[in-house]
Amino acid sequence: MDVYGLIGNPVGHSLSPPMHEAGYEALGLDARYVTFEPDADAAAGAIAGAADLGVAGLNVTVPFKRDALDAVDPAPLAERIGAVNTVDYGPVRKGDADRPRGHNTDAAGVTRALEHHDVTIDGRDALVVGAGGAGRAAAFALADAGAAVHVANRTAGRAVELAEAVPGATGGGLDDLADRVAAADLLVNATSVGMESPEETPVPAEHLHGDLAVLDAVYAPIETRLLREAADAGATTVDGAWMLLFQGVEAFEIWTDEDAPVEAMNAALRAELE
Ligand code: NAP
């Protein structure tokens with residue numbers, strides 16, 4: 001049996017176990033997905049050494065995504081983003097490497113969620129609101145897929161710093177948000193606004209328009225105020241569960257070398273969320 005899992009703290013309410021186990025079941029794979037919740041000072045060692053316990057793959061979540069970078073051999077995209085959310089122990093188990101391979105599948109979560117909804121990224125103007133972990137993944141992913149990216153963040157300096165690392169990107173604060181949204185084809189909310197207080201939105205309704213595709217990284221609630229108001233404005237909307245699904249799908253495919261059973265994984269995820 002192959003053991004996969006999620007390492008973070010806390011991980012008690014994670015949706016990844018049912019989503020991945022639905023995938024194993026659909027493909028008839030003999031595998032389990034479990035959660036690990038180490039203390040902060042033990043996390044890097046656990047990530048570096050989990051292959052010794054027979055673990056085949058780990059997802060990494062808050063607060064260990066940055067620590068994981070130092071515990072693995074990071075793929076170039078994970079290194080540019082500065083965070084690892086998926087660790088593949090395959091190369092270590094086969095004796096091909098000393099360190100596990102680290103990936104960032106949040107980036108694919110953004111692009112594959114949009115592509116699944118027939119949203120074109122190449123050649124589009126993308127506005128990423130937020131410059132934390134999700135914002136970094138979204139900015140690199142969209143730029144690599146051919147979009148012209150502007151990052152807007154409450155703390156403007158963080159957006160400027162991120163934009164300097166992303167090809168062709170610009171960055172700034174929230175002062176000119178109305179103009180930035182008006183000029184955008186794609187809008188990604190990569191802030192946590194709308195999560196803890198569902199009545200809040202990162203982008204006022206009057207700025208939204210029908211030529212936008214809007215992806216909200218927030219997945220609880222699944223229909224945020226931003227998505228509701230974007231739909232009212234005639235925009236295409238993609239909820240955060242699609243991003244969560246496709247970051248998991250990408251990890252599943254890295255680990256198993258199989259096409260993930262997207263529909264089965266999506267059904268299991270949505271059954272937990274709705
Ligand atoms: P993070 O690293 O802590 O970043 C938080 C971001 O939100 C920062 O840009 C922060 O701005 C901004 N922010 C927080 N409160 C704000 C407010 N009141 N007004 C304006 N901006 C505010 O968090 P993260 O890991 O990027 O996660 C962000 C969201 O994405 C969370 O809701 C998380 O659940 C979600 N997420 C979803 C997925 C998925 O697969 N769907 C994956 C990853 C994350 P400052 O820099 O100014 O503090």
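This is a chat about the strands, helices and loops of one predicted model.

Reader: Before we start, what kind of model is this, and what does pLDDT decide?

Author: It's a predicted model, where local features need pLDDT of at least 70, side-chain atom pairs count only at pLDDT 80 or more, and totals for chains, interfaces and linings use all residues. Residues are numbered from 1 along each chain as its sequence is written, and side-chain values use heavy atoms, with hydrogens and water left out.

Reader: Ok, strands then. Is β3 buried or exposed?

Author: Six of the six residues of strand β3 (residues 55-60) are buried, so the strand is largely enclosed by the rest of the structure. Buried means under 20% relative accessible area, exposed means over 50%, and partly exposed is in between (1.4 Å probe, protein chains only). As for the names, helices (H or I, at least four residues) and strands (E, at least two) are DSSP runs numbered from the N terminus.

Reader: Which way does β1 run along β3?

Author: Strand β1 (residues 2-7) and β3 run parallel, joined by five bridges. One of the partnerships is Y4 with G57 in β3. Two strands pair if DSSP finds at least two bridges between them.

Reader: And how does β5 pair with β3?

Author: In the antiparallel sense, over three bridges, with β5 covering residues 86-88. There, G57 stands opposite D88.

Reader: What holds paired strands together in general?

Author: Strands of a sheet pair through backbone hydrogen bonds, either parallel or antiparallel.

Reader: Cool. What's the strand order in the open sheet of six strands?

Author: The order is β9-β8-β7-β10-β11-β12, with parallel pairing. β9 (170-172) and β12 (236-238) are the edge strands, each pairing on one side only. On average, neighbouring strands of this sheet are turned by 15° against each other, direction ignored.

Reader: How many bridges join β10 to β11?

Author: Four, between residues 186-189 of β10 and residues 213-216 of β11. V188 has L215 as its bridge partner in β11.

Reader: Which strands does α7 lie across?

Author: α7 lies across β7 (125-129), β8 (148-152) and β10, and runs at about 170° to β7. Helix α10 (residues 225-232) lies across β10, β11 and β12, at about 170° to β11. Axes are lines fitted to C-alpha atoms, for helices over the stretch in contact, and angles run from 0 to 180 degrees between N-to-C directions.

Reader: Switching to helices: at what angle do α6 and α7 pack?

Author: About 55°, with the axes of α6 (residues 106-116) and α7 (residues 133-144) 8 Å apart. That makes α6 oblique to α7. Angles under 35 degrees count as roughly parallel, over 145 as roughly antiparallel, 65 to 115 as roughly perpendicular and the rest as oblique.

Reader: Which residues meet there?

Author: From α6 you get D106, A107, V110, T111 and L114, which meet A137, A138, A141 and L142 of α7. Seven residues of that contact are nonpolar, one is polar and one is charged. Contact means heavy atoms within 4.5 Å. For the classes, Ala, Val, Leu, Ile, Met, Phe, Trp, Tyr, Cys and Pro count as nonpolar, Asp, Glu, Lys and Arg as charged, and the others, Gly among them, as polar.

Reader: How many residues of α6 are buried?

Author: Eight of its 11, making α6 mostly covered. What covers those buried residues includes α4 (76-81), α7, β11, β12 and α11.

Reader: What follows α6?

Author: D118, in the loop between α6 and β7. Its phi is near 60°, a positive value in a residue other than glycine. D118 is exposed, with a relative accessible area of 71%.

Reader: What about D257, where does that lie?

Author: D257 lies in the loop between α11 and α12. It has a positive phi of about 60° although it isn't a glycine, and at 71% relative accessibility D257 counts as exposed.

Reader: And A260, buried or exposed?

Author: A260 counts as buried, at 11% relative accessibility. It lies in the loop between α11 (240-256) and α12 (262-273). Leaving aside neighbours within four places in sequence, A260 is in contact with V249, F252, E253 and M265.

Reader: Last one: which peptide bond is cis at P10?

Author: The bond from N9 to P10, with omega near 5°. P10 sits in the loop between β1 and α1 (16-27). The bond from A220 to P221 is cis too, with omega near 5°, and P221 is in the loop between β11 and α10.
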